[in-house]
Amino acid sequence: MVNQNNGTAKYALLLVVLLNTFRFGNAQVTDTLQPYAPFWFVDELLEWTPGNDVDAIFNRSFTPLETKHFNAGFKSNAHARANEANVEVLPIFATTSGNPSQGSLSLSYYAFTYWQYCDLMVYWGGSSFEGIILTPTAPVVDAAHRHGVPVYGTVFFPPSVYGGKRDWVYQFVQNQDGIFPVADKLIEVANYYGFDGWFINQETGDKGKVQEDKSLANAMQEFMLYFKNNSDLSIQWYDAMLKDGTVKWQHEINDKNKMFFQKGDTLVSDQMFLDFRYTSKNLQTTKKAVEELGRNIYDVYGGVDVQNNGYEAETGYRYPQGANFDVLFPEGKPHAASLAFYVPSWTYSSSNNMDEFYKKEARFWVGEKGDPRDTQTDHNWKGVAHYVPAKSPINQIPFVTNFCTGQGGKFFLKGKDITSPTWKNGWNNLTLQDIQPTWRWIVKSKGTKLKVDYDFTDAYNGGNCLSISGKSEEDNIIPLYSTRLKLNKNSVATVAVKKNKESDVFLLLTFANGKEKELSIRDRKNAGEWYVDTLSLKKYIGWELQKIALKVAAKNAKIQNVKIGSIGIVDMQSDRIEAPTNIQLLKKAPGIEETINLRVKWDAHHKGIYYYRLYKINSDGSKYFLGATTSNACFLPSVSKTKNEKITIGVEAVGRCFSVSPVTIFNIEK
């Protein structure tokens, strides 16, 4: 992908990714046996099968893709326009060859959490010296799918000046008697690993001259038609190659490139990504072409180059060059096209620590005031919430969130720290990311507003909890989730809470019939300890729950200190989760210092499973957390081991309502 704003192509990809990986001094530990997300050149892809790839099983996601809803009654920002532009992100998580399959031993990681404003993610990567085809990691797919966001892998043909080879494009579209073997492999890969499609970025021309090849362009179109006819997967095409086979960015859809978007009445690609220098005129031309083809203008995405520009300069704030939001989102008019952020992970790579990253993410998505209702500012970057409303994937019971973002300095289970002493730099694993709040953060009060944020020093389950703190002489109401949950006779609400005696906390439930109910979260004798309160919903059988909020009552302006570890709407029934069986040790190898690295697998039953958790069971009955996956195999890094110790591994299945199966035990001899 080329940034043409200054007339030169800027491929600082490797440098930026290395900064992403090692930014905060907590480099991801590269242990022996560490599996990575797969990447290939075309000839390597053709040789791939799950059977000949020892890492394949570690890269599978079994999280289904949820659907998202928008509730107009709870739209927080009056300026945002619903049911128009979609928002896409193309982040870099690591180098093409350096994406750990199931997280790694570092708190420092680009843990994306603003899914409520996102409709599509492309797992961006690929390079001429590592591989041009990259799949997303299973944890990213797990987190995205829970939030109702599809994920695409990337096929990246670099410009020749950056190592791209025209022969790779010819290899890609090879066919015999109408059979495209590379398309069949891309379909097999996506279906096996559990993601939703491919982003195809063909920018390889010929060094130093224009190369026309209409047959190559026609072959690419036929390749895409074959892919669509033989799968339920999606394709996004990048505006670069033209119908004559040359590479020249159009910044619009026109007669030169529309063949890669639509052929007559037949869809060729599900979306098209326009390069960064589009204007209002380009989008008007595009709209006319799209309408003539019978397509939706919001299948077209205007690219915004965040990687090279960000939004912040030393002397003040600025929006990225080419990211003219007035072009995409003209004031008082329908959105002109959808929006695609190229490398929004800049918020991470440009930060010096995780606190700065989370602040930059908040500014990026909801504006400098950190409130999606209030995005007015003199600066050009107003936050995505200024233009599009938040959507939610919470449509069925059970719904449980621990607010876990998928990273932490420690790991907690039911409020107890069970972090392995060998995990000194924390951890990241987006498989453990729960559904994030729809609104971050809205606080309503007639007086001083309390502060709401994530707390990474404490948690009920995972690496963080929700913290509410401060001093206020008035009630504070904090909307959290938009939902569509039909309650039944077995439905209850659960809240894990830790608070001081000065704090009165209530669960506020708003229903489709317009009624709002306030449920008191009861005190416990041991203030300052985690406890779970179960609240009856029998009075509301058959009602549709549409919003979940918290209320912290005024207490004579005394200091409030409330931590919310989980919120759930579940059915109070015995939820029987099948235990994993037939645990096997695949491989072991020495780790760093007195540790060992393990690969294990088991027979899995994926139905109703949120994920599997693995532990080391110590001789005194205590346990350390080792990993989590939705697949049936897991890499366990840096497992503590003394010289003659027999290691005991426990595996349990966790259900959608966070009930657990019996723990299956497996012993590894000395």
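1. Let's start with Ser61, which touches Ala138, Val141, Asp142, Tyr193, Gly194 and Thr630, leaving aside residues up to four places away in sequence. Please keep in mind as you read that this is a predicted model. To find Ser61, go to the loop between helix 2 (42–47) and strand 2 (87–90).

2. Is Ser61 buried or exposed? Its relative accessibility is 6%, and because buried means under 20%, Ser61 counts as buried.

3. The side chain of Ser61 is worth a closer look. One polar contact, of 2.6 Å, joins it to the side chain of Asp142, a residue that is also among those Ser61 touches. The side chain of Ser61 also reaches the backbone nitrogen of Thr63, at 3.4 Å.

4. Here is a distance that links Ser61 to the next stop. Ser61 and Thr405 are 344 residues apart along the chain, and their C-alpha atoms are separated by 18 Å. Thr405 appears again among the residues that Thr113 touches.

5. Now turn to Thr113, found in the loop between strand 2 and strand 3 (120–122). Thr113 has a relative accessibility of 2%, so this residue counts as buried. Not counting residues up to four places away in sequence, Thr113 touches Thr405, Gln433, Gln436 and Arg440. With Arg440 there is a polar contact between the two side chains, at 2.9 Å.

6. Next come the pockets. The largest pocket holds about 650 Å³ of space. Which residues lie nearest its centre? They are Ala362, Trp441, Lys451, Val452 and Asp453, out of 27 residues that line the pocket.

7. Where does that lining come from? Helix 11 (354–366) and strand 20 (451–455) each supply at least two residues of the lining of the largest pocket. Helix 11 provides the largest share, 7 residues. By residue type, the lining of the largest pocket divides into 13 nonpolar, 2 polar and 12 charged residues.

8. The second largest pocket has a volume of about 500 Å³. It is lined by 22 residues, and the closest to its centre are Lys414, Tyr460, Cys657, Phe658 and Ser659. Two or more lining residues come from each of strand 27 (531–536) and strand 29 (559–571).

9. Which strand gives the most to the lining of the second largest pocket? That is strand 29, with 3 residues. Sorted by type, the lining of the second largest pocket has 9 nonpolar, 7 polar and 6 charged residues.

10. Finally, have a look at a sheet. Strands 18, 17 and 21 form an open sheet of 3 strands, in the order 18-17-21 and with antiparallel pairing. The edge strands are strand 18 (416–417) and strand 21 (461–462), each of which pairs on one side only.

11. Within that sheet, strand 17 (residues 412–413) pairs with strand 18 in the antiparallel sense, over 2 bridges. Which residue in strand 18 stands opposite Leu413? The partner is Lys416.

Technical notes: Residues numbered from 1 in each chain as written. Predicted model: local features only at pLDDT ≥ 70, side-chain atom pairs only at ≥ 80, totals over all residues. Heavy atoms only, no water. Helix = DSSP H or I, 4+ residues; strand = E, 2+ residues; numbered from the N terminus. Buried < 20%, exposed > 50% of the residue type's maximum accessible area, 1.4 Å probe, protein only. Contact = heavy atoms within 4.5 Å. Polar contact = N/O pair within 3.5 Å; in protein donor to acceptor, adjacent residues only side chain to side chain. 1 Å grid on protein atoms, 1.4 Å probe; cavity = no way out; pocket = protein on both sides within 12 Å on 5 of 7 lines; lining within 4 Å. Points joined across faces, edges and corners; volume = space filled by probe spheres on them. Nonpolar A, V, L, I, M, F, W, Y, C, P; charged D, E, K, R; others polar. Pairing = 2+ DSSP bridges.
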